[in-house]
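Colleague: I am new to this structure and would like a close look at a single part of it. Please take one helix packing and go through it slowly, with some context.

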Amino acid sequence: MPARRRALVMPLLVAAAAGTITGMAASAPSPAIVKRRLRRMAELLEGRFGAPEWDGPEEPLGAMVRTILSQSTSDANSSAAFESLRRRFPTWRAAAEADPRDIAAAIRSGGLSNQKSVRIRDFLRWVNATFGGYTIDSLCDMAPAEAYERFCCVPGIGVKTVAVTMLFACGKDVFPVDTHVTRVTRRVGVVPAAASPERIHRLLEPHVPPGRGLSLHVNLLRLGRTICRSTPRCEVCPLNRICDTGKEKSRARTAT
Ligand code: SF4
């Protein structure tokens, strides 16, 4: 590679490996710009991946336990752990009253089983004490802000866990921010480069186009898993014309 080109490209590669890339915004754009860019992102992603459809309602308590199990593991492993948990403990009461070691044995395939077993047992006990039984069906009737406040005091339950449950179990128009959404939105430049997932959620959810929470969340996951990985493939990305990082890389290529 010629020296001049190497000087332009190498910092991008190093930053890409670190998850921070030249061109990423240092501060948050205005709400009007965020709104416009999120709409465009949703359109471009639907153009590439299609418009996802909601699978229909699911028991919210099961969905939230499933989300706890999904932390730091693959979908396949967490699904296997959830099925095993339900086989071993057919009622939520049985799991709430179980020894965490027995829960850990049932969810071993989901990873971090010792930590997750205590979280699940304590969460189920909190649900019973707070809602007078092993159900959180009322979550689907809550406004998102109320739900975030109500559940986010429980250890192991963050805004993402609540938003994922509301989106997939209740069909609410919310916008969970996971590791893929965090990486892509930072690179696109709709949030500051150093923004935490919680801050990204606060900055973006109010500006997601109405009815597009599911679409934007699911398609950003698809993009993050296939194209905007730790080393992004901007040349084949549907967002490359509106992405700060993609445009920066394109400028660097043109300058060589
Ligand atoms: S253009 Fe696409 S792949 Fe490249 S950084 Fe932006 S979102 Fe990621």
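Modeller: What follows describes the contact of α2 with α12, then the confidence of the model and the shell around the ligand.

This is a predicted model. Helix α2 covers residues 31–49 and helix α12 covers residues 213–226. Where the two pack, their axes are 9 Å apart, at an angle of about 60°. An angle from 35 up to 65 degrees falls short of roughly perpendicular and counts as oblique, and α2 and α12 are therefore oblique to each other. Their crossing is left-handed.

From α2, the residues that take part are L38, M41, A42, L45, E46 and F49. On the α12 side they meet S215, L216, N219, L220, R222 and L223. By class, this contact of α2 with α12 has eight nonpolar residues, two polar and two charged.

As for confidence, the protein chain has a mean pLDDT of 90, and 91% of its residues reach 70 or more. Residues 1–20 are a stretch where pLDDT stays under 50. For that stretch the model has 24 contacts beyond four places in sequence.

The ligand is surrounded by 14 residues, and the closest are C228, C234, C237, C243 and G246. Two helices, α10 (179–188) and α13 (244–254), each supply at least two residues of this shell. The most comes from α10, which gives three residues. Sorted by class, the shell around the ligand holds nine nonpolar residues, three polar and two charged.

Conventions. Residues numbered from 1 in each chain as written. Predicted model: local features only at pLDDT ≥ 70, side-chain atom pairs only at ≥ 80, totals over all residues. Near = placed C-beta within 6 Å. Helix = DSSP H or I, 4+ residues; strand = E, 2+ residues; numbered from the N terminus. Nonpolar A, V, L, I, M, F, W, Y, C, P; charged D, E, K, R; others polar. pLDDT = per-residue confidence, 0-100. Contact = placed C-beta atoms within 7 Å. Axes fitted to C-alpha atoms, helices over the stretch in contact; angles between N-to-C directions. Parallel < 35°, antiparallel > 145°, perpendicular 65-115°, else oblique. Left-handed = near helix turned anticlockwise from the far one by under 90°.
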